[in-house]
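Let's take a friendly look at enclosed space and charged contacts in this structure. The sequence and the model come up next.

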Amino acid sequence: MIVALLGIVVSFFAYLIAFPNPGQRRFDIYLALFALHIVMAVAYWLYHFEAAMDAFTYYRDPYNYYQKNPLADGTYFVVFVVQTIKRTLGGSFLDHFLFFQCFGMIAFALMIRSFTEIADSLSMRVPLLLYAILFVPGLHFWSVAIGKDGPIFMAVALACWASIRLQKRYVWLGVAMLIMAVIRPHVAAITMLASMVGFVMANDVPRIVRVMMIPMAGVGLIVTLVVSGSQLGLDFSSAGSVSEFIEYQQGMAEELGSGRDITSLPFPLKVATLLFRPLFFDASGMMGLVASAENVVFLFIFGSLAYYWRTLLLLVRRVYYIIFCVVFSSTLIVGLSLINYNLGLGQRQKMMVMPAVLMMYASVYLYRRYLTAVPAAQRQADAQAQLEGQAALDRAPAGAAYGQPSQA
C-alpha cells in the first residue's frame, strides 16, 4: 500500500510542476487528467491478466534479471528498480502499477507547463483545445504500466520542456538523457542529435553558445550511439550492421505470426501505419475502436502541421525548441517505422514521439492565434524591440520568432 500511496502523492505534487503560477492554476483540468490516468492504470492492470505482457517479467523476475548488471540493458534496469522497491517496501502487482503511473502523470504536468510557457510568451492563455488533446486515452494507457514506457514518456516530455529555455535548463536535459540512456539509449542518442542540430540552425542561440555546445553535443552523440549500439547489438558506423538489424526486426513478424503485411509495405505507408493505424477499417474489438478514434485525433494534429507548414517552417528557422522537437520526432518516427512489425507495438511505441509533436502543434496553433489577435503594427513594434535587444528572451521561451510578423 505504501508503494501505491507514494505514486499517488507524487502525481498530486506534479500539479505544482504543471501550474507553478497560482494565478494560472486549473485544478479542474489536472484532476480530470489524473482521474483518467488512474482509471487507465487499473484497466491496464486488469488487461495483463488477459494477455501475458512485460509487466509480469518486471514484477516477478522469472529469469532472475535482478542479479545482472542493471546498466547492461534497459530491461535489467527496470527489473532492478522494481525488485529493489518490492524488496524494500513490498507492494502488490496493482500497487506497483499505481506507483509507475506517476511517471506518466509527471509527463502530462510537464506538457501543461510547456503549453503555458509558450502561451505566456505570446501574452495569451492556454485554450481548452490544447488541454483537451491531453485526454487522448492512449497517452494515458501506454504510460501507466510497470515498465519502460512511463519513464521514457516522462523523459521525452522533460527534454522538450528543457529545450524551451535550454540556457537555464541544461541540467534537466541531462537528467532526461540519463533516464533515456539507462532504459532506451537510442532515444538518448536521438535527443542528443536534436540538440546538436538545434545549436547549428536556431537563430535564437548566441554565437558563443553555439561554438561551445556543438562540439560537446557531437561527443555526446558519439557516446550515446556507442552505448545504444552495444545494447541493441549493432554498429551504427556500419550500414550493413544497421541493415541486418532492421531485417531481423522485420523478421519477427513471420516468427510471431503478426504484421507481415506491415513489413512489406513501402516506407511512406510504414510511417502512416505507425502513426494512424488501426483506423476503423482494420480495428477489432473495443480497444481497436478506441485506438482508431485517437488515431483520428493524431491524423488531425499531423494534418494541421502539414497544412500550416509555412508557419512551422518560420518557427523552425528561428526557434531552438521547435528545431529540437522537429528533429527528435521525425528521426524517431523514421526509426520506429523501419522496425515496426505489429500494430499494437507501433501504437505503444509511437507515444514516445507525442510530447514533441504536441509541443509543435501547440506552438503553431498559438502563434497563428497570435497573428490573428494582435494588430500587424503591434507585431512590427515587438519585432523592432527585439532587434534592438529590448526583448527579454528569458521571459519569452519562443525567443525572437514569436514577435516576427509572418506571411504564413
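## Salt bridges overall

This is a predicted model. Across the whole structure, six salt bridges turn up. Three of these pairs are worth a visit here, among them Arg-26 with Asp-28, Glu-117 with Arg-113, and Arg-277 with Asp-282.

## A pair within one helix

Start with helix α5, which spans residues 93-121 and holds both Glu-117 and Arg-113. The two residues sit four positions apart, or about one turn of the helix. Their side chains come together in a salt bridge, with an N to O distance of 3.2 Å.

Are these two partners buried or exposed? Both Glu-117 and Arg-113 are buried. The pair also belongs to a wider arrangement: a network of salt bridges links Arg-113, Glu-117 and Arg-169.

## Two further pairs

Next, have a look at Arg-26 and Asp-28, whose salt bridge brings the closest N and O atoms to 3.0 Å from each other. Arg-26 has a relative accessible area of 26%, so this residue is classed as partly exposed. Asp-28 is also partly exposed, because its relative accessibility is 45%.

The bridge between Arg-277 and Asp-282 has its closest N and O atoms 2.6 Å apart. How do its two ends fare for accessibility? Buried is the label for anything under 20%. Arg-277 has a relative accessibility of 17% and therefore counts as buried. Asp-282, at 21%, is partly exposed.

## The enclosed space

Now for the empty space inside. Rolling a probe the size of a water molecule over the atoms reveals where such space remains. How many cavities of 30 Å³ or more does the count give? The count comes to one. The volume of the largest cavity is about 50 Å³.

## What lines the cavity

The walls of the largest cavity are made by Trp-142, Ser-143, Asp-149, Ile-152, Phe-153, Arg-184, Arg-348, Met-351 and Met-352. Helix α8, covering residues 149-164, supplies the largest share of this lining, with three residues.

Which classes of residue make up the lining of the largest cavity? Five are nonpolar, one is polar and three are charged. Among the nonpolar ones are Trp-142 and Phe-153, while Ser-143 is the polar one. The charged residues in the lining include Asp-149 and Arg-184.

Notes. Residues numbered from 1 in each chain as written. Predicted model: local features only at pLDDT ≥ 70, side-chain atom pairs only at ≥ 80, totals over all residues. Heavy atoms only, no water. 1 Å grid on protein atoms, 1.4 Å probe; cavity = no way out; pocket = protein on both sides within 12 Å on 5 of 7 lines; lining within 4 Å. Points joined across faces, edges and corners; volume = space filled by probe spheres on them. Salt bridge = Lys/Arg side-chain N within 4 Å of Asp/Glu carboxyl O. Buried < 20%, exposed > 50% of the residue type's maximum accessible area, 1.4 Å probe, protein only.
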